[in-house]
Amino acid sequence: MVMFHRRTLLTAALALGTIASSQAVGLHVPSRLAAKLRTGTDRFTVAASLANGYGKVLSKDREGFWVIELGPGLSPSQVLQAWKRRPSVDVAKSLPPDAPREDVTTGSLSRAEEFAESYRKAYLLHYEAMGEEPEDEIPGLDFLEAYIQHLRVRAYPGDQIDFTGDRRVIEERASRLNEPGLQATGWEFIGPTNLDIPYRTYYGQRAINGRVGALAYHPTDPNTIFLGGAQGGLWRSTDKGQNWTPLTDNWPMLHVSSIAIEPFNASVIYVGTGDYQGFSGTAMGIMKTTDGGTTWTRLGATVFNNSPVSAIVINPDNPQMLVASCGLNGGGRVYRSTDGGLTWTVSINVNANWDNLELGLPVGGNRQIWAVSQGGGVRRSLDFGATWTSVTVPGLGTGTLDIACSKLDPQVAYLLDGAGQKIFKTTSGGSTWINTTTNFPGGYNWSQSWYDWHILTSYFADGQGNHDVVYVGLIDLAMSRDGGATWRNMGGANWTATYNSSAITHNDQHCAVVNGSNLNEVLVGNDGGCYIATFNPTADTITWSNLNRNLGITQFYTMAVHPTDSSTLLGGTQDNASPHARGDLLNWDNPGAGDGAGCAIDPVQTSTRYDSYQGQNIRRTDNAYATSYSITPSWSGHSTPFIGMLWLDRTNSRYLYANTNYMNRYDRTTNSWVLKLGNFNFGTTNLSLDTAAGDSNTIYVGTSTGKVYVSRNFGANWASLDRVGQGGGIPNRAVTWISVSPTNKNEVLVVLSGTGTGKVWRCADTTAATPQWTNVGSIGSGMPDVPANCLARHPADPQGTWFVGTDVGAFRTTDGGSTWTDISAPLGLPNVEVSRLVAVPGTGYLQAATFGRGMWRLPLAPPEQVVPPTVLTVRFGRIESGDVSSLASEDDVALRVCKFIVPNTLVAPVTVEVEAVNPVPSFSGIRLAVRFKMGTVGNYSQTLDMFDWVADAFDPVDVRTDPLTTTYQTVELLGTGAVARYTSGSGGIRARYRIVQTGPVAVANWCVDHDRVNWIVTP
């Protein structure tokens, strides 16, 4: 979470809340008050009397405050005033509201929206009770808002995302997991590399990268470390983070939540899939390698019920014995394996979100494990998960938990209670607990403990003995060097926090692990990447090392490209502002703030660029970010999206469009806005837009509620085009992208999210009285049934060659949507969510922005050319009907060629000799596609002879003996060999296509109907 322009962002949060509150709020986020009683009255009965009629007593903290939860509908400020008048009350105050994770991780859009609204109101009541102006973004709300926006688009028209299609893709890709990729001339990773910070507070120091979900040290080589990107796969570094290598780009999906390495055989690695802390709704079990990451095996595919695997523990005494925890998606359990993960049994049969497992020191020779969960509480096992004992922790909250065992004493453990905002300690193996958070740097630090939370331990020795060191990751990383007695922030310089101007690390801590070879060294992962903290107990200092320069796990929402320079790019990211490459792909800059959103680069005045951050706060530069300034208008009366979009007019780039629940236009020339175009409320803030080439008056808009609108008068009026649910209309799914044909302003493509329908739909004439939509992205044509996000047209073939980005990668059609091909891993792009695709004629690249693996580019080879024959010569046969024009298309108007023969003898072939002009002077392959049928059944062969212009002779390049039938079939004959010899200097192609009778037939003649004959030329 990163904040900027605090009052503005709070306004944005409130605006989003107005959308969520359109229905009655069913969830209640309670307000919490704390009261310290005067000396002599510090008794539970007195505290209970305070709560009487207001709520219930939750706990008492180490400072002597009784924490009381208020019931629904009560005003914290009024209750505080009533308490302060009581003689038994010394001090009373309001506490920030609790945010139980289980209320937002069910995958239900309506529940998440209700929770966000209730949480927002509870925080405003807290500000009111404290007498504070709400000048800050509501803590913890920004990631939740991004999550809701993600759900809203993909779930529509339902309440939850349907992951059936994702799981089909996972199964299909898993079946060929270790096949070699075809990556020789494919995608190229282009960054961000060495990404700068926009400012130091919240971001730390350069370089930053993307969200890290799991970390591990090599058990014997401390220079080798492993990292799991939240949606970026598993990475390995052999030089302690200076350079990184991805190990899993060919996995079916790249979400990683946990890593475990065998202690005595580091070639064996287990990786828990899914994005547990980021609420990912699907996963694929555990991935295992026995050769250090070269090949992988999928484990527990059906056992883990598609739930993210939050933790994996290996028994050091018997590495075939494993315990794993999972949660979310309605299937959380703890499982146990005794055969290296091949089979699993339920170890804790309690359906809950199991947050973590912790291996403790042996107790009486027995291996102990702790397990913690939301809904399942705290469990302890003294036989490595064979049996468990429930552990009671008085005053425990209902939200996220994590536990860390002392490395000095097997009876000592530390429990992080995110919802209760406490850190408990036991010295008795869980029999008794104390609260150690008296001077913990809490407050704002706790505000996202449902999104970022973890705890771990180490120790150091001095003249007084050995001492537990405890690390707690929340917004900042905090540390205790005395077993929880005292605490300090440590994410900034000199024991300060990440949320001030001395920040060294990024905010939002998700994972950490202690170096077993140096217990004073901790590997830390957060929203900005990976760091090493080294504690010097003698000098009492922390030294930080940054490991992010060469990682590649940035999560992009958006992208903008330069028209002629492929090394100049701009994008908006999750919690890492707006990365910007300005001609140097090895060193990226970073304008903007917070969560980067819509962006644009003016194709005419290329030094004019735009970026934005959450809540549709928009900035402009006219000198490629030497300076920049805000152009954000007043959004009063609008609902703003959390991640807004920006679009430039294709005809006149002086105009920039920005979405709220209205469409709004900015004029670069006059530096002014026209808001609420046509005063038309689209009913949602999730909009897509495109304008017609050559006509600024024609504007198309799609909505996340399945609607498509057009304005033909510059936004003054809007007409509906979608005909949702009707014959010839589009399905009722969220529209995520619109693309207007560059040659016909009345022909459009739309891209749909959701599942159960085609992903791309085409309207050939939007001016028709009844617009007709055709499915050109059918499920079963090679397009997966998963949410689709964007589309780009090939500049050389905008009507037939398109690229679509989906939640599981990129796909391409070269035949106008009849068939689709996966161009992700087969061409070197990791199997990751593709959020943006742009085909740039001026650079010759297809550029891609991904949500988890940064930005990529693919050389845009000219598309395949389909070339009909221009000259026809028939040899050894007679034309009965048709001519060369009959071969141009599939219309059942055929060229019929017949051959008269003597029965029971072999005869000369029937030959159709065709010539054509190749529009691509240089090419790598030729195919001849023939649609034909035989007049009679018989034994035949088919031969393709290409004319070699150098040798001045025909060269037989393909011979087929496929069964020939009396119904139409299509055969593709392949031209191989030195294909450059098969074109003349003027580009002519000459060939003989022959059908040869190879055996006796029962009739004296036979015919061939040729409906279509054409070359397919591959550049």
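Visitor: How should I read the accessibility of Tyr-123; is Tyr-123 buried or exposed?

Guide: Tyr-123 has a relative accessibility of 5% and therefore counts as buried, since the cut-off for that label is under 20%. Bear in mind that this is a predicted model.

Visitor: What is the relative accessible area of Tyr-127?

Guide: The value for Tyr-127 is 8%, so Tyr-127 is buried as well. Helix α4, residues 109-130, holds both Tyr-123 and Tyr-127. They are four residues apart in that helix, about one turn.

Visitor: Which pair of rings should I look at for an edge-to-face case?

Guide: Look at Phe-304 and Trp-344: their planes stand at 70 degrees and their ring centres are 5.2 Å apart, so the pair is edge-to-face. The angle decides this, because planes over 60 degrees apart get that label.

Visitor: Where in the chain do Phe-304 and Trp-344 lie?

Guide: The pair links distant parts of the chain, with the two positions 40 residues apart. Phe-304 is in the loop between β13 (297-299) and β14 (309-314), and Trp-344 is in the loop between β16 (334-337) and β17 (345-348). Both residues are buried.

Visitor: How many aromatic pairs are there?

Guide: With ring centres within 6.5 Å as the criterion, the count is 32 aromatic pairs. Tyr-123 and Tyr-127 make a tilted pair, at 5.5 Å centre to centre and 50 degrees between the planes. These two tyrosines also belong to an aromatic cluster together with Phe-115 and Tyr-119.

Visitor: Which residues have the most contacts inside the largest nonpolar core?

Guide: The general idea is that nonpolar side chains tend to be buried together in soluble globular proteins. Here the largest nonpolar core has 38 residues, and those with the most contacts inside it are Tyr-471, Met-490, Trp-544, Leu-569 and Met-855. Elements giving two or more residues to this core include β26 (454-462), β27 (465-473) and β33 (541-546). The largest share, three residues, comes from β32. Another core, of 30 residues, lies apart from this one; among its members are Val-169, Trp-187, Met-783 and Leu-791.

Visitor: What does Trp-544 touch, leaving out residues up to four places away in sequence?

Guide: On that basis, the contacts of Trp-544 include Leu-477, Met-490, Ile-504, Val-524 and Tyr-531.

Visitor: Which ring does the charged end of Lys-93 sit over?

Guide: The charged end of Lys-93 sits over the ring of Phe-65, at 4.2 Å from the ring centre. Arg-931 lies over the face of Tyr-968, with 4.1 Å to the ring centre.

Key
Residues are numbered from 1 along each chain as its sequence is written. This is a predicted model: local features need pLDDT of at least 70, side-chain atom pairs count only at pLDDT 80 or more; totals for chains, interfaces and linings use all residues. Side-chain values use heavy atoms; hydrogens and water are left out. A nonpolar core is a set of buried Ala, Val, Leu, Ile, Met, Phe, Trp, Tyr and Cys residues joined through side-chain atoms within 4.5 Å. Buried means under 20% relative accessible area, exposed over 50%, partly exposed in between (1.4 Å probe, protein chains only). Contact means heavy atoms within 4.5 Å. Rings of Phe, Tyr and Trp (its six-membered ring) pair if their centres lie within 6.5 Å; planes under 30 degrees apart count as stacked, over 60 as edge-to-face and the rest as tilted. A charge sits over a ring if NZ of Lys or CZ of Arg is within 6 Å of the ring centre and within 35 degrees of the ring normal.
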